[in-house]
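The following exercises ask the reader to work through one structure step by step. Each task is followed by its solution.

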Amino acid sequence: MKLYKEQEIYIYNSISKEKEKFEPITEGYVGMYVCGPTVYSNVHLGNCRTFLSFDLVFRYLKHLGYKVRYVRNITDVGHLEDDAEDGEDRIAKRARLEKIEPMEVAQIYTVDFRDIMSKFNALPPSIEPTATGHILEQIEAIQKIIDRGFAYEVNGSVYFDVLKFSETHEYGKLSGRRLEDMEANTRDLDKQSEKKNPQDFALWKVAEPQHIMRWNSPWGVGFPGWHLECTVMSTKYLGEQFDIHGGGMDLKFPHHDCEIAQAESCNEVSPVNYWMHSNMLTLNGKKMAKSTGNNILPTEIFSGDNKILSKAFSPSVTKFFMYQAHYRSVLDFSDEALLASEKGYRRLMQAYDLVDKLPIGNTSDMDIAAWRQSCYDAMNDDFNSPILIAQLFEAVSYIQRVHNGTAICTESDKEILKETLKAFMFDVLGLIDEQEGQSGNSEMLSGTVNLLIDIRNDARAERNFDTSDKIRDELAALGIQLNDGKDGTGYEIK
Ligand code: AMP
Ligand code: ZN
């Protein structure tokens with residue numbers, strides 16, 4: 001029997017602001033769309049937090065036996081600077097500054113993004129469509145919206161008519177913004193605008209002669225507005241109505257409210273059943289962002305090459321740090337927090353490696369079946385990874401007690417313990433046992449330490465105690481203790 005028949009998931013739906021029981025449109029199948037990166041520069045750790053939050057959702061749904069179609073797009077056109085209606089296209093600007101083709105910019109940062117995601121052991125989505133690969137579909141959608149009376153053309157650009165739409169629909173229902181507030185917040189209020197109303201947004205923009213990303217359309221040469229690609233690609237691959245749509249909190253408005261308006265004007269149905277938004281990763285208490293420079297890159301963390309770090313941290317440790325907070329909570333990045341996560345991560349991995357070596361008892365001091373269910377309960381409650389991790393640490397302390405002889409565990413419970421830990425640590429959280437993967441490194445380490453032991457023996461034979469003591473003391477400082485016995489010298493990692 002599929003696990004999803006036994007486990008009930010509750011998802012916090014950003015549109016109803018309530019936790020709702022998850023019931024997919026088609027039993028056993030889930031359609032999930034997540035807004036992907038705008039590929040004009042390297043992804044920072046904040047972006048990664050959002051993508052890793054949805055990797056956890058994808059992995060857990062798959063673990064429960066759902067067949068998940070996970071679509072995450074690549075934005076390679078249309079996302080303008082400062083999210084403004086009249087800013088420069090981010091990719092085109094980069095191409096202009098670096099004197100390369102826009103598609104080269106997109107390629108460089110798409111490759112970087114995929115490389116970083118695979119270092120984090122995030123699963124690739126089922127479909128990864130690009131905005132530039134769906135220009136025709138976007139033009140068709142614009143035509144449909146014009147035909148339905150919710151968009152108008154001016155000077156080769158097409159705008160969505162927010163006030164017209166609002167006569168019959170609720171614009172802004174996701175973010176809860178009111179039309180009057182939107183007007184007050186619109187930048188081009190004082191400017192001479194070709195839009196009918198300041199709240200209107202672009203579906204298609206005319207390309208000025210110097211604009212290098214351009215396509216033919218019924219309205220002249222231009223390029224699509226940013227919000228449209230997600231409506232078009234989600235409905236193309238998941239249908240007019242699908243189960244889950246995700247993204248960072250900052251995308252609720254205007255991006256997702258615009259997506260809803262576009263989809264409702266094309267298809268007259270609400271496109272998404274469960275809207276999920278992940279909260280921000282902050283640095284020095286402020287949102288990590290490309291534009292402000294307040295960010296850290298994953299590669300800087302993996303190499304330790306950033307002045308705020310005391311050392312390098314592995315992708316699994318970095319991910320473990322992020323999953324120790326719930327995806328809807330703000331999380332602040334710091335060296336201390338990563339150091340603490342690294343300790344916890346090592347304790348968890350060491351405990352997992354101990355399970356096989358535990359002695360077998362005729363009864364168990366812990367209710368393993370109840371503990372297993374509490375791991376599921378944590379994830380069923382809106383993917384609560386910090387509670388899950390707390391449950392994993394309950395098992396860690398039990399394993400240590402059994403190992404020390406102060407508790408006992410039956411053979412069958414030991415098996416359930418191992419299977420459950422394996423499922424949640426590796427399949428659901430997607431962690432990697434880095435010790436295990438480093439057998440090559442451990443050979444290198446033992447070769448190096450044995451060489452130093454030989455050099456120390458030679459030094460001692462020559463009564464060069466300065467050198468022999470130096471080798472012993474400096475290895476000890478690195479956590480490698482040399483033990484002199486009657487059969488020679490061995491070493492131990494402390
Ligand atoms: P972008 O490449 O700017 O389109 O952003 C890609 C994703 O990263 C979006 O879902 C954003 O909401 C998300 N994002 C941007 N900054 C942060 C942050 N500081 N913390 C978490 N997610 C973020
Ligand atoms: Zn999107």
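## Exercise 1. The surroundings of ligand 1

Task: Determine which elements and which domains supply the shell around ligand 1.

Solution. Step 1: At least two residues of the shell around ligand 1 come from helix H1 (45–63), and at least two from strand S9 (242–248). The model under study is a predicted one.

Step 2: H1 gives the largest share of this shell, four residues.

Step 3: There are 17 residues around ligand 1, and those that come nearest are Gly46, Asn47, Thr50, Gly248 and Met288.

Step 4: Sorted by character, the shell holds seven nonpolar, seven polar and three charged residues.

Step 5: Residues of the shell come from both domain 1 (3–278) and domain 2 (282–428), and ligand 1 therefore lies between these domains.

## Exercise 2. The chain as a whole

Task: Describe the protein chain by its secondary structure, its extent and its domains.

Solution. Step 1: The protein chain contains 16 helices and 15 strands.

Step 2: Along the principal axes, its C-alpha atoms fill a box of roughly 90 × 55 × 35 Å.

Step 3: The domain assignment lists domain 1 (3–278), domain 2 (282–428) and domain 3 (439–493). The centres of domain 2 and domain 3, taken over C-alpha atoms, are separated by 34 Å.

Step 4: Of the 494 residues in the protein chain, 40% are buried. Among contacts with a separation of 6 or more, 72% are between residues 24 or more positions apart.

## Exercise 3. The nonpolar core

Task: Identify the residues with the most contacts inside the largest nonpolar core, and state where the core draws its residues from.

Solution. Step 1: The largest nonpolar core has 120 residues, and Ile142, Ile145, Ala151, Phe160 and Leu203 have the most contacts inside it.

Step 2: H1 contributes the largest share of this core, 10 residues. At least three residues of the core come from domain 1 (3–278), and at least three from domain 2 (282–428).

Step 3: Take isoleucine 145 as an example. Beyond its neighbours within four places in sequence, isoleucine 145 is in contact with Phe150, Ala151, Phe160, Leu203, Gln262, Ser265 and Cys266.

## Exercise 4. A loop residue

Task: Establish whether leucine 174 is buried or exposed, and list what it touches.

Solution. Step 1: Leucine 174 belongs to the loop between helix H5 (162–168) and helix H6 (179–185).

Step 2: Within 10 Å, leucine 174 has 23 other C-beta atoms; the cut-off for a buried residue is 20 or more, so leucine 174 is buried.

Step 3: Not counting residues up to four places away in sequence, leucine 174 touches Ser14, Ile15, Lys252, His256, Asp257, Ile260 and Trp275.

Step 4: Asparagine 13 is 161 residues from leucine 174 in sequence, yet their C-alpha atoms are 9.8 Å apart in space.

## Exercise 5. Backbone exceptions

Task: Locate a cis peptide bond and two residues other than glycine with a positive phi, and classify the exposure of the latter.

Solution. Step 1: Most residues other than glycine have a negative phi, and most peptide bonds are trans.

Step 2: The bond that joins phenylalanine 253 and proline 254 is cis, with omega about 0°. Proline 254 is in helix H8 (residues 252–267).

Step 3: Asparagine 284 has a positive phi, near 55°, and is placed in the loop between strand S11 (281–283) and strand S12 (286–287). Because 10 other C-beta atoms lie within 10 Å, asparagine 284 is exposed.

Step 4: For aspartate 382, phi is likewise positive and near 55°. Aspartate 382 sits in the loop between helix H12 (368–380) and helix H13 (385–404). It has 19 C-beta neighbours inside 10 Å and so counts as partly exposed.

## Exercise 6. Strand pairing

Task: Work out the order of the open sheet that contains S11, and the sense in which S3 and S4 pair.

Solution. Step 1: The open sheet has three strands in the order S12-S11-S13, with mixed pairing. S12 and strand S13 (331–333) are the edge strands, each pairing on one side only.

Step 2: S11 and S12 run antiparallel and are joined by two bridges. Opposite leucine 283 stands lysine 286 in S12.

Step 3: S3 pairs with strand S4 (residues 67–72) in the parallel sense over six bridges. Valine 30 has valine 68 in S4 as its bridge partner.

Step 4: Strand S3 (residues 29–34) is mostly covered, with five of its six residues buried.

Key: Residues numbered from 1 in each chain as written. Chains lettered and ligands numbered in written order. Predicted model: local features only at pLDDT ≥ 70, side-chain atom pairs only at ≥ 80, totals over all residues. Buried ≥ 20, exposed ≤ 12 C-beta atoms within 10 Å, placed from the backbone. Domains from an automatic or database assignment. Near = placed C-beta within 6 Å. Nonpolar A, V, L, I, M, F, W, Y, C, P; charged D, E, K, R; others polar. Core = buried A, V, L, I, M, F, W, Y, C linked by C-beta atoms within 7 Å. Contact = placed C-beta atoms within 7 Å. Pairing = 2+ DSSP bridges.
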